[in-house]
Every structure is written in C-alpha cells, then in structure tokens.
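These exercises ask you to read helix packing and a nonpolar core from a structure. Work through each task before you turn to its solution.

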Amino acid sequence: MAQPRIALITGSTSGIGLGIAKALARDDFQIILHGLGTLEQIESAKAEIESLSRHPVHFLGTDLTEVGAIELAFTETIETLG
C-alpha cells in the first residue's frame, strides 16, 4: 500500500490557504491546517475539509515565527501522522 500524502498548509483557515487545503483534500492528501482565527473558524474549516476527504483533518496551532515552534510543528506532525 502506498504511503499517504500529507500536506501542512499554513494560512489555511481562510482565503487562498483554505482553497488549497480543499483542493488537496479532494486529491486524497491528509491535511494539517495552520492559521489564525477563532475556535469557531478553525472548527468550521476542519469540518468543511473533512467533508471533502476520507482522512481526519488536524490543526496545528503553533507560532511559526519562532524556530523552536517550527521544529515542534514537524515533530508533532511526524508523531501524529507518521
């Protein structure tokens, strides 16, 4: 069986990033969202993308302006999705 394709998309809770996340979800990628917004906006984006995908959608809430946070984001992604 092929390894699943995984996409971590920054700025994906609205606008162009959300559009990219939707397109990749339709193309069978496992999606990890990242972006700003209220809990309601984030949950809405997750639900919208999950309706297009056969995979659960994850949200990464780290501050990517910090190098340590970027390293943590990759560590969390690998631990969560392999």
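The model is predicted, so local features need pLDDT of at least 70 and side-chain atom pairs pLDDT 80 or more, while totals for chains, interfaces and linings use all residues. Residues are numbered from 1 along each chain as its sequence is written, and side-chain values use heavy atoms, with hydrogens and water left out.

**Exercise 1.** Determine the handedness of the crossing of H1 and H2, and then describe the contact.

Solution. The crossing of H1 and H2 is right-handed, a term used if the near helix is turned clockwise from the far one by less than a right angle, anticlockwise being left-handed. Helices here are DSSP runs (H or I, at least four residues), and strands are E runs of at least two, numbered from the N terminus. In the contact, defined by heavy atoms within 4.5 Å, H1 takes part with Leu-18, Ala-21, Lys-22 and Ala-25, and H2 with Ala-45, Glu-48 and Ile-49. Of these residues, five are nonpolar, none is polar and two are charged.

**Exercise 2.** Find which element gives the largest share of the largest nonpolar core.

Solution. A nonpolar core joins buried residues (under 20% relative accessible area, 1.4 Å probe, protein chains only) of the kinds Ala, Val, Leu, Ile, Met, Phe, Trp, Tyr and Cys through side-chain atoms within 4.5 Å. The largest one has 11 residues, among them Ala-7, Leu-18, Phe-29 and Val-57. Two or more residues come from each of strand E1 (6-9), helix H1 (15-26), strand E2 (30-33) and helix H2 (39-50). H1 gives the largest share, three residues.

Methods. Buried < 20%, exposed > 50% of the residue type's maximum accessible area, 1.4 Å probe, protein only. Nonpolar A, V, L, I, M, F, W, Y, C, P; charged D, E, K, R; others polar.
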